[in-house]
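Biologist: Could you take one helix and go through it closely, and then set beside it one or two residues from elsewhere in the chain? I would like the cut-offs stated as you use them.

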Amino acid sequence: MIKYILVCVGLISLLSGCKKTPGYRIEGEFSNLPDSVLYAVFENPDENVVDTLLSKKGKFKIEKGDGDYNTMTLFYNQKTKWITVYLEKGKKVKIAGDARYPQLISIKGGKINDKLTAFNHSVKDLLQAKADIIERIRQEDKIRPEEDETPVELANIQLQLSEAAIKYIQEHPEELVSAVLIQEYLMDPEDTRKLDEMLALLDSQIKPTPLVKELEQFSDKVKRTAIGAEAPDFVITDIYGKDLSLANFGKQYLLLSFAAPWCEMCKADNEYLKEIRKAFPEEKLGMVTVTLDANQAEVRKTIQSDSIHWNLVSDSAGYASMLIDLYGVNAIPKNFLIDDTGKIVMNSESGKELQITLKELLEID
């Protein structure tokens, strides 16, 4: 009888052990959440998996039993705000805070989440002031405030935040959260000097991690398209089937632009490109615009009524995606000016700035 009981207990234990438990468990509660729809994007270097969920009075729960993921980005407020959760399999994560201030939301569970939450709390006043300024500008219908019309007070806050991040990295080079702080505060798409300096400080034990590798790749891409660098070559086909590469432009200057039909700033930039095309002869300046639009027929229809008279490349064959990666484009509009020796002499988001520079370089009044 005792033997029978022991066997039963063993079977029960075995069955309990076989019960599938989620690899990732995230529970959260937001205050001031304007929309109940949330989007959880589970990410690793090879794939992204999107789950849609509904919150109830700001509360939500996410469980995922399969896959191997490094991060989960949670989008809300119609995808205009988000937080990033750093995942450890089997580690429960708890999220809580005011939805109006994503960087001040507490994320507990896992070393990176705990330490990043502690860092953000130490600069709470700066993060809250930054969020309030950006929201104020957004309400005033300013476009891309952090890039085009950055107030002095916002620039000062960003500087103080980067200085606080640098101090933390210098004091904790062995922690993965230091790599996260590099990603958040020191990824300047125009200048990698501070990024490279902080990467060099990181402990050798964390350098093989995916995040650090990603930062190193970012630095390499920026250097690849820095002023004075040899422009990366390409082979693409425009919307009329014409093959293009750097060799096609011989001893011309080349203006390589990136745009998209849904980009409001691109529309204003396009007017400058039209003026540039009229002002500079084709034998001196070649032009290629890469548009993030996969429908070639629609692009052709648009240019027939839009007086665009230069090479256009759509993404129907993946050319836009390839060139965006090759040239490290992280914002649009984006323009690269390549001189007649194949070197990058300018990269800018401003068509007006390009216009001024071209007049100086090509000596046209």
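**Helix α12 and two residues elsewhere**

Modeller: In helix α12, the residues that count as buried (under 20% relative accessible area with a 1.4 Å probe, protein chains only) are Gly 351, Leu 354, Gln 355, Thr 357, Leu 358 and Leu 362. This is a predicted model, in which local features need pLDDT of at least 70 and side-chain atom pairs count only at pLDDT 80 or more, whereas totals for chains, interfaces and linings use all residues. Residues are numbered from 1 along each chain as its sequence is written, and side-chain values use heavy atoms, with hydrogens and water left out.

The helix itself covers residues 351-362, where helices (H or I, at least four residues) and strands (E, at least two) are DSSP runs numbered from the N terminus. Its twelve residues should span 16 Å at 1.5 Å a residue, and because the end C-alpha atoms are indeed 16 Å apart, the expectation and the model agree; the expected span is 1.5 Å times one less than the number of residues. The buried residues of α12 pack, with contact meaning heavy atoms within 4.5 Å, against helix α9 (264-279) and against the strands β11 (253-259), β12 (285-291), β14 (334-338) and β15 (344-348).

Turning to another helix, Leu 127 belongs to α3, which runs over residues 124-139. Leu 127 counts as buried because its relative accessibility is 3%. Once residues up to four places away in sequence are set aside, Leu 127 touches Gln 103, Leu 104, Asn 120, Leu 161 and Tyr 185. Pro 102 stands 25 residues from Leu 127 in sequence, and the C-alpha atoms of these two residues are 9.3 Å apart in space.

For a residue in a strand, consider Lys 92, which is part of β7 (residues 92-98). Its relative accessible area is 32%, so Lys 92 is classed as partly exposed, the class between buried and exposed, the latter being over 50%. Apart from neighbours within four places in sequence, Lys 92 is in contact with Arg 25, Glu 27, Lys 108 and Gly 109. Of these partners, Glu 27 lies 65 residues away from Lys 92 along the chain, while the separation of their C-alpha atoms is 7.9 Å. The side chains of Lys 92 and Glu 27 are also joined by a polar contact of 3.4 Å, that is, a pair of N or O atoms within 3.5 Å of which, within protein, one must be able to donate a hydrogen and the other to accept it, and residues adjacent in sequence count only if both atoms are side-chain atoms.
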